[in-house]
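Colleague: I would like a close look at one part of this model. Please take me through the sheets and what packs on them.

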Protein chains: 2
Amino acid sequence: MSDLTKQIHDIGAKAREASRALARLSRQDKDRALTAMADELESNPHKILEANARDIEQAEKNGLSAPMVDRLRLNADRLKSMAKGIREVVGLTDPVAEVIREWTRPNGLRITKIRTPIGVVGIIYESRPNVTADAAVLCIKTGNATILRGGSESFHSNLAIAEALQQGGAKAGLPENSVQLIPVTDREAVKIMSQMDAFIDVIVPRGGHALIEAVVSNARMPVIKHFHGVCIIYVDKDADFDMAEQIVINAKCQRPGVCNAMETLLVHEEVAPEFLKKLATALEANKVELRGDEATRKILGAGIKAATDEDWTTEYLDLIMAVRVVSDQEAAVTHINRYGSHHSDAIITKDTQAAESFLNEVDSATVYWNASTRFTDGAEFGFGAEIGISTDKLHARGPMALEELTTYKYVIRGEGQIR
Amino acid sequence: MSDLTKQIHDIGAKAREASRALARLSRQDKDRALTAMADELESNPHKILEANARDIEQAEKNGLSAPMVDRLRLNADRLKSMAKGIREVVGLTDPVAEVIREWTRPNGLRITKIRTPIGVVGIIYESRPNVTADAAVLCIKTGNATILRGGSESFHSNLAIAEALQQGGAKAGLPENSVQLIPVTDREAVKIMSQMDAFIDVIVPRGGHALIEAVVSNARMPVIKHFHGVCIIYVDKDADFDMAEQIVINAKCQRPGVCNAMETLLVHEEVAPEFLKKLATALEANKVELRGDEATRKILGAGIKAATDEDWTTEYLDLIMAVRVVSDQEAAVTHINRYGSHHSDAIITKDTQAAESFLNEVDSATVYWNASTRFTDGAEFGFGAEIGISTDKLHARGPMALEELTTYKYVIRGEGQIR
């Protein structure tokens, strides 16, 4: 066993031990620890900001783009808002110990299906250092120990934030090692974490293709991927054109760099000429570049770039949109189930029957009728906080919040029953 | 890509296509198909029994033990009971389309969290051919396509049963390829299945260590293991001795070869001398062989074999029981969380507070107070049918039935909402 493996297994064993102690804490104990964590982040910002300055310096040396550097940057305000986020989690309802179902069998056995912490949650993420606090805090709220593995760009910031959380937790009596950060940036660490199913109950990777692949191809435990969103909007022949235009512009342009922004537009052929010409003006005003199929280019002119098969599966995260004219709704649904990422897809129509069949047949985490895909978000759902958007089907699908950080067990009370 | 890989990928692609069609079926459609499957199994038993005879002949040539050969054996009665099992599933409630939760956001968006089929379920199992029918039928009931991969011992029987299910389904208009069986016994097939996450949404392996390991070390999709049960009963100092004896004898002896049978007994040191002496008589009458720790051997005599560390993690599946004396309840809980398999564990006590703390602190799928561990079973829970007992924490824990063969999606209805 290599030294690195030993080091990471040791972190795992400590997390497992901490998880047993965490599971016994009351809601009050956990909330007190979270408040102490928020206090600690706010009361002594200098150490974190110093560490962050080192990351920023390195990022600029490495030639990271200005928006990427900005994502990395912390300041007093951002730390305050991180602390505020923690205090909001304190106010949320802890789902642990909630009774999901309860029934009595004919033999008198009383069966209670009850929510419990998962145990140890591994979080592997890239870039923004605030994820360190967000993820740790949601895990503590639900009684889970957490092992964090952040990206190398925010390494020093992550370490400093984790240390502040640990110190705050310690002051409020949180079990030692409830929150741990892997203190190495070696990619090998991801592989080692992914294989230690004795110590980690679930891994949540948030990031790009290479990171997700490193986890998926090695993992021995359940993985809940937070991967990309190729969100698609289908404009039906019975759509309200004004509404369709507003929704498309919102879903594409309001914040193009996020996973619930739309990437592909499908239009029913009966209305494609009229609708696409109307939409083109708004798209131009918003500087959206198009990739069209043949029919789209016939309508809007050959000046538009031709879409290739690759466009249907591309998450542009930019003011670029693929457009395809479809012969009917079945073709739209087939396109979405085949090329989409099963994240968030919408139909715009006044026809209730068409809408219900779309909502039923599209195999995605979130399906919309007459609304923007941008609503796929823990806060917009009313969940209060989220650890991200799961692009997997099990055990969490779509916005992943506190409830999705729990599992369940069956508690059975008897009076001596035997078989 | 090897020919075998191509062949299995082709099965996967067909299953994915079938799953889209299956998801659109009504409850009546699915139940009609299940009834036709049951009819087909009963109406023409000769082909299945002939195929089974080939498996039995081979098993006897290979020197399989008599109980193993008996597990393989089919006859007209067993086929009838397989068909009866299918008809019982017809009578169960289909959880698909059930509304889990529904709420309206302040902006008017109506969010419905609704149960859906998972998609394509891979089932990898060993030995008993009836699993072919049981697993396929529960998947069809919940609108999932299934890819089955049975053990080589029951290869011909599985093929014949799958063919009968397919023919029955076809007569009732079930989508083609809803049920497929991998027609090769090569272990390589398990590896290929485990890696084709584009076509299989979840794999359920039921079997021994080598099978489980082949899946876990290769799988790219979620795995729900049906592994072993090292079930433990803790007899507290405030236990009713008669009740404790009845429960221990039942949990150990009523059917020792199953996963919810007990394997280890823990006894509080205060009552160990009196209780173990009382229990010894009953154990002897039931021909149970013991493996005791030092304290146990002091009480019952050195004639008892000494338990090694390995005994605490062994699933005997036989009339053998490990016994350990513990200093207090905390030691019992620590032992269970460390050495147990997180399957089913019990406390026997009259002390409510001790019981509640045990139920809370033991990290197992099912925890009992004053009842036999033998009740961990879909039918005993009132689930009507089960695909097995999950020894995993996500997405199904404990008895896995119809509900656990579904996932969910969010359906959102709006009137043009944008962000």
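Modeller: What follows is a walk along the sheets, then the helices.

This is a predicted model. Start with one open sheet of 10 strands. Its order is 10(A)-9(A)-11(A)-8(A)-7(A)-12(A)-13(A)-16(B)-2(B)-1(B). The pairing in this sheet is mixed. In general, strands of a sheet pair through backbone hydrogen bonds, either parallel or antiparallel.

Now go to the edges. Strand 10 (305-306) of chain A stands at an edge, and so does strand 1 (99-104) of chain B. Each has a single partner strand, so one side of each is left without a neighbour in the sheet. What is the sense of the pairing between strand 9 and strand 10 of chain A? They pair in the parallel sense, over 2 bridges. Strand 9 of chain A covers residues 289-292. A:R291 has A:K305 of strand 10 of chain A as its bridge partner.

A helix lies on this sheet. Helix 14 of chain A, residues 352-361, lies across strands 7, 12 and 13 of chain A together with strand 16 of chain B. Helix 14 of chain A runs at about 160° to strand 13 of chain A.

Next comes another open sheet of 10 strands, again with mixed pairing. The order here is 1(A)-2(A)-16(A)-13(B)-12(B)-7(B)-8(B)-11(B)-9(B)-10(B). At its edges stand strand 1 (99-104) of chain A and strand 10 (305-306) of chain B. Each of these has a single partner strand, so one side of each lacks a neighbour in the sheet. Strands 9 and 10 of chain B run parallel, joined by 2 bridges. In strand 10 of chain B, B:A306 is the bridge partner of B:G292.

Which strands does helix 10 of chain B lie across? Helix 10 of chain B, residues 241-253, lies across strand 16 of chain A together with strands 7, 8, 11, 12 and 13 of chain B. Helix 10 of chain B runs at about 160° to strand 8 of chain B. Helix 14 of chain B, residues 352-361, packs on the sheet as well. Helix 14 of chain B touches strand 16 of chain A together with strands 7, 12 and 13 of chain B. Its direction makes about 160° with that of strand 13 of chain B.

Last, look at a pair of helices. Helix 2 (residues 27-43) and helix 6 (residues 130-141) of chain A pack at about 160°, with axes 9 Å apart. That angle makes them roughly antiparallel. Helix 2 of chain A brings A:K30, A:D31, A:L34 and A:M37 to the contact, and helix 6 of chain A brings A:V137, A:I140 and A:K141. These residues divide into 4 nonpolar, no polar and 3 charged.

Methods:
Residues numbered from 1 in each chain as written. Chains lettered and ligands numbered in written order. Predicted model: local features only at pLDDT ≥ 70, side-chain atom pairs only at ≥ 80, totals over all residues. Heavy atoms only, no water. Axes fitted to C-alpha atoms, helices over the stretch in contact; angles between N-to-C directions. Helix = DSSP H or I, 4+ residues; strand = E, 2+ residues; numbered from the N terminus. Parallel < 35°, antiparallel > 145°, perpendicular 65-115°, else oblique. Contact = heavy atoms within 4.5 Å. Nonpolar A, V, L, I, M, F, W, Y, C, P; charged D, E, K, R; others polar. Pairing = 2+ DSSP bridges.
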